[in-house]
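Here are some exercises to work through with the model open on your screen. Try each task before you read its solution.

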Amino acid sequence: MDIFRKLTWFFKEQKAMYIRGLLALMMTAFLNMIPPFLIGYTVNQIVAHSLTPMKLALILLGVGAEAVTLYAFRYIWAVHIWGGATYLERKLRQRLYMHFMHMDTKFYQTYRTGDLMTRATNDLIQIRQVAGMGILTLVDSLTTGTVTIITMAFVVDWRLTLVAILPFPLLAVMSIKLGHRMHNAFGDQQRAFSKLSDKVQESLSGMKAIKTLGQEAQDIEDFNAHNKALMQAYKKVEFVGALYDPLTTMIIVLAYVATIIYGGWLVLHQQINIGQLVSFIAYLSMLIWPMFAIGQLFNIIERGNASYDRVMNILDNETHIKEAENPVMLPAQGDLHFAIKQFQYPDDAEIALQDIDVTIKAGHTLGIVGQVGAGKTSLLKLLLRQYDNYEGVITLNGEDIRQFPQDTYLRSIGYVPQEGFLFSTSIKENIRFARPDASDEQVHAAAQKAAFHDDIMNMPDGYETEVGEHGISLSGGQRQRLAIARALLINPEILILDDSLSAVDARTEAAILAVLKRDRANKTTIISAHRMSSVMNAENIIVFDHGQIKERGTHADLLAKNGWYAMIYQQQQHGMDATIQGGEA
Amino acid sequence: MAKEQSIWAEKLTFKDQVKVIRGLLPFAKPYKWYFFSAIVAIGVVSAINVLLPRILQEFMNKYLGHLDTKFQVLIIFAAVYFGVSLLKAVFQFLQEYLYGLGGAYAEVNTREQLYRHIHTLGMRYFDQNPAGSILSRVTNDTQALFEVWRLFMLVLMGTFGLVASYYAMFVTNAKIALALLIFLPFLFGAVFYYQRVSSKVYGGMREKLSQLNAKIAESINGINVIQQFRQEMRMGKDFAVTNDEYQMARIRMIKTESLLLNPLMNLFNGLGIVIILGMFGWHSMDAAVAAGTVYAFISYLNNFFAPMSEIMQELALFQDGSVAGVRVLRILENQELAPAQVAHPHGEITQGKIEFKNVTFSYDGVHPILKNLSFTALPGQTIALVGHTGSGKSSTINALMRFYDFQEGQILIDDQDIREYPIAEIRKKLGLVLQESFMFYGDVSSNIRMFNQDITDEQVKAAAEFVQASRFIEELPKKYAEPVIEHGATFSAGEKQLLNFARTIVTNPKILVLDEATANIDTETEVTIQKALAKMRNNRTTIAIAHRLSTIEDANLILVLDQGEVIERGTHAELLALNGKYKEMYDLQGKEV
């Protein structure tokens, strides 16, 4: 019952809806008592030959009018109670979504996409069940159950009632027990199914590898093992599912047996008449649903409660990236200065960055090179305010970047990662993602700067081409250029290319870099790369090693130093890693 | 790639639905006895449902009317009632369990056949269809199909019950039963109207729900981009629109159901009681009517209307299942099979000589991608293919690996036509190193050995040592047993490439086919990889696609491809001297660094 208390806020909010629904529901329970009574009454009249046309007409009018009224009440409660539950679902879904929108990197490291999806789908359904089915069964079982039993006792006989309803609690017990078993069996089935699904997914993505090695038969064998495991899980589900009806039949029959023997005895001893017995049997069948539902109610509450806690758990997470209390109102532009003493990722003992001191003059380009894991991306993450927990300060225009409102600050940055996420919509919508009101001309101009326009024009649908999920229909180089165009469209004060030219061929890379040089004369650019050709024209190049700056200077300075940079540069020039020609992955 | 059409957008005619069922029936056939037994059980349960009220009717009419009825009679009736109910329970269980099992077996069987069929399809199929959509055919669609199969049982049960209870009413009192037919037109009207409205409303609702979930998933995956460009509020507003639309669709569905399902059936039931009471009552004024008869008749009426809402609801879901069926059938009917070998393939590849003789190859039968390609690679030689994207480099490999069939000319290996070798021999002796190194869930050693259990642990180790992958493997906490998660996410691109090499080399192929990696690998790993490649090529015939000309300077023969034709051929030195396209490409690469 805890869950109903937790959902009080919602029921209060939708008070009018629920009150109307529940009143209609209770009216239904009361009105339901009338037909069996009238049927029993008529039977008695028939048996006693005392039925007159007048009496019959009144009875029929009563039953008919009552049926029509019940229709109205049934419609009202169904629409209000089921409908009310959808408000809860919508509300929680929106809250979850907005929460996802605002959470930080740490949150997304803690929860995997699948977990979050489950919260927004299965858990919401379980909670909706509480507000719909849960409320319905709670109120209906109590009213219908009580009203029916009282009616039986008063209209027929209280002793018979007492005896006949003895088996009914068994129904509730059965419904709880089977509900549990079903839930477990179904969970097993879901797990088997998702394992199978993972298996198929992997084989399909690796189809070329499987064909290359000629391992089709072995792959099918492995698939069959998963498929068979699923079959075993199905068996269990089918078995438990097939128990519901027979067990219900067996429990109800106990009540009928009691009614036949004791009810029959009462009739024979003229304690009740035959019409009352007919009414009694009709009432008895009305008790099946409420008792069964009480059992279900326990399961709904249990699952709903767990789901609600899980959802709240997610919503209780707070982002570590906070808006400054008194944000500075300066424009986010100008010289950029890193003065970082030390940075560690949360829950990680290793030092990711240490003693970084770099200044980029407005309009200049900073090149960052170094091995994988040397700290290039970590530095950019701090600049992007994905983490705020570092010792030291990064200033823009002389102000700590954490003091800017995020809206001003982040909007002035265009960040292009190596694998920039693309949305499964058209190329045009992807380019103008950050500026949905951009005109076609502006979109085309941005694509031109990213050396992507010609590619697009060669596609049958041009800018309307759908990029597919994760941009699957584009090549790696096209995806990178699309992401660059997307960042260029907002003409950012700071442009960050984080290894985002890796899949672009050398000629195109040169073209893009030339455009950047020309168009971004007053704006800052940061380029992180593996190929020295990407950074060699930068005003300042820093070489990272184990989180520290090992070398710095211009291309010429660094060559003169004859350190790591010079070594890699020579290697690349001498062809061990010559620039990629003509090929896009 | 066209955006996949939503399952809810497709509309099927009745004829299509029949075709789907007929197409899929063979997969359910091996389990027919489950279904037949279940249907018999359904019949028994329906009969018992008619019998039970009849027992009470007898009891009331014949015995309760007489005060001298003995107590034993009550016990006997109770015992009979109990016994018959027990029988009903047993058959209820059989009906549901057997039908459920049959459906599950049929589903699992269909899925297996589908998967087997998919493996017979050629690479073309996988190049043209996104893995995601094939995946949902194999998993979700087969499931949806047989969920509908199960719904079929509910409809069957309902129909049996309907017929049985009407029959019982008819036998009890034909006149009243006939009078009740007055509901028939209304009932049909409700069913028809509900089907029409619900298929639309329900389809719209499901469509919105899948949009919602797709939006959530995509937003989570793209959260960095959304946050970096400060689009949270806009995305939130977009989402709210779909969220509201979904809720509205859901409420429409609730209203439709409340209007036409349970409440309406209850109304019919209530009005039916009016007719029954009216007619019995009228009749009783000049003749005797027994109490038990009235009771039994009203019970039958209940049995008649009770399954109606359920049947109507299930019928509405039928559409989904048939759409899923159409999609499954489409794959099963797909005949883009993998290229076939001759009827009695034979022979063994021992030397590794490769000869292309005037090979012409086209993907669509209209535009040739390779035109009259000819070259010879003697055992142990390295032949390099260079050229821009679309020049035909990958197509040459696709033809050589038998991923696609070529149309004209011949490919000879050891002077025998490639189509005359068993495909297994080709797979065994031609080692293709793929550009993207795909990792499978498992551990390091299973990724080298793959599914081939004949390969010993020693061989796995030897292969890893040979390509120098052993160096990083030995540093892993569990070495060769180190788990590999999806897509090998814990390994760097370079490490994956080395494992990929080991996977190829462990089968000891005679011929090496290299689709050169362009992956973004840091420079130091790059050196290791180049060294490993050089070692692998030793003593093997090698066909290499090269993006970086520097890596193939020592090839015995370099073919420069342009639009499917060889425009220049020769050694590195010869080609430079030629001062043509190759020289141009070489100079451009040199200048970049």
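**Exercise 1. Find the residue with a positive phi in the hairpin of strand 11 and strand 12 of chain B.**

Keep in mind that this is a predicted model.

Step 1: Locate the strands. Strand 11 of chain B covers residues 557–562, and strand 12 of chain B covers residues 565–570.

Step 2: Check how they pair. The two run antiparallel and are joined by five bridges. For a landmark, Val560(B) sits opposite Glu568(B) in strand 12 of chain B.

Step 3: Look at the turn. Two residues lie between the strands, and Gln563(B) is the one to pick, with a positive phi near 50°.

**Exercise 2. Decide whether Ile331(B) is buried, partly exposed or exposed, and list what it touches.**

Step 1: Place the residue. Ile331(B) belongs to helix 12 of chain B, which spans residues 308–333.

Step 2: Count neighbours. A residue needs 20 or more other C-beta atoms within 10 Å to be buried, and 12 or fewer to be exposed. Ile331(B) has 18 C-beta neighbours inside 10 Å, so it counts as partly exposed.

Step 3: List the contacts. Leaving out residues up to four places away in sequence, Ile331(B) touches Leu114(B), His117(B), Ile118(B) and Arg137(B).

Step 4: Try a pair from far along the chain. Tyr125(B) is 206 residues away from Ile331(B) in sequence, yet their C-alpha atoms are separated by 9.9 Å.

**Exercise 3. Compare the record with the model for two transmembrane regions of chain B.**

Step 1: Read the record. The unreviewed UniProt entry lists "transmembrane region" for several stretches of chain B, including 151–170 and 287–305.

Step 2: Take residues 151–170 of chain B. This span is 100% helix and 0% strand, and its end C-alpha atoms lie 29 Å apart.

Step 3: Take residues 287–305 of chain B. Here the span is 79% helix and 0% strand, again with 29 Å between the end C-alpha atoms.

**Exercise 4. Work out the strand order of the four-stranded open sheet in chain A, and find the helix lying across strands 1, 2 and 4.**

Step 1: Write down the order. The sheet reads 2-1-4-5, with antiparallel pairing.

Step 2: Mark the edges. Strand 2 (351–360) and strand 5 (399–400) of chain A each pair on one side only, which makes them the edge strands.

Step 3: Zoom in on one edge. Strand 4 (residues 391–396) of chain A pairs with strand 5 of chain A over two bridges, and Thr395(A) stands opposite Asp400(A) in strand 5.

Step 4: Add the helix. Helix 13 (residues 376–383) of chain A lies across strand 1 (336–344), strand 2 and strand 4 of chain A, and runs at about 65° to strand 2.

**Exercise 5. Describe the overall build of chain A: is it spread out or a compact globule?**

Step 1: Tally the elements. Chain A has 22 helices and 10 strands.

Step 2: Test the spread. The radius of gyration of chain A is 36 Å, well over the 25 Å that the globule rule gives for 585 residues, so chain A is more spread out than a compact globule.

Step 3: Box it. Along the principal axes, the C-alpha atoms of chain A fill roughly 120 × 65 × 50 Å.

Step 4: Check burial. Buried residues make up 48% of the 585 residues in chain A.

Step 5: Bring in the record. The unreviewed UniProt entry puts "domain: ABC transmembrane type-1" at residues 21–303 of chain A. That stretch is 92% helix and 0% strand, with end C-alpha atoms 24 Å apart.

Key. Residues are numbered from 1 along each chain as its sequence is written. Chains are lettered from A and ligands numbered from 1 in the order in which they are written. This is a predicted model: local features need pLDDT of at least 70, side-chain atom pairs count only at pLDDT 80 or more; totals for chains, interfaces and linings use all residues. Two strands pair if DSSP finds at least two bridges between them. Two residues are in contact if their C-beta atoms, placed from the backbone, lie within 7 Å. Axes are lines fitted to C-alpha atoms, for helices over the stretch in contact, and angles run from 0 to 180 degrees between N-to-C directions. The radius of gyration is taken over C-alpha atoms; the globule rule is 2.2 Å times the number of residues to the power 0.38. UniProt positions are given in the numbering used here, feature names are shortened, and annotations may be inferred rather than shown by experiment.
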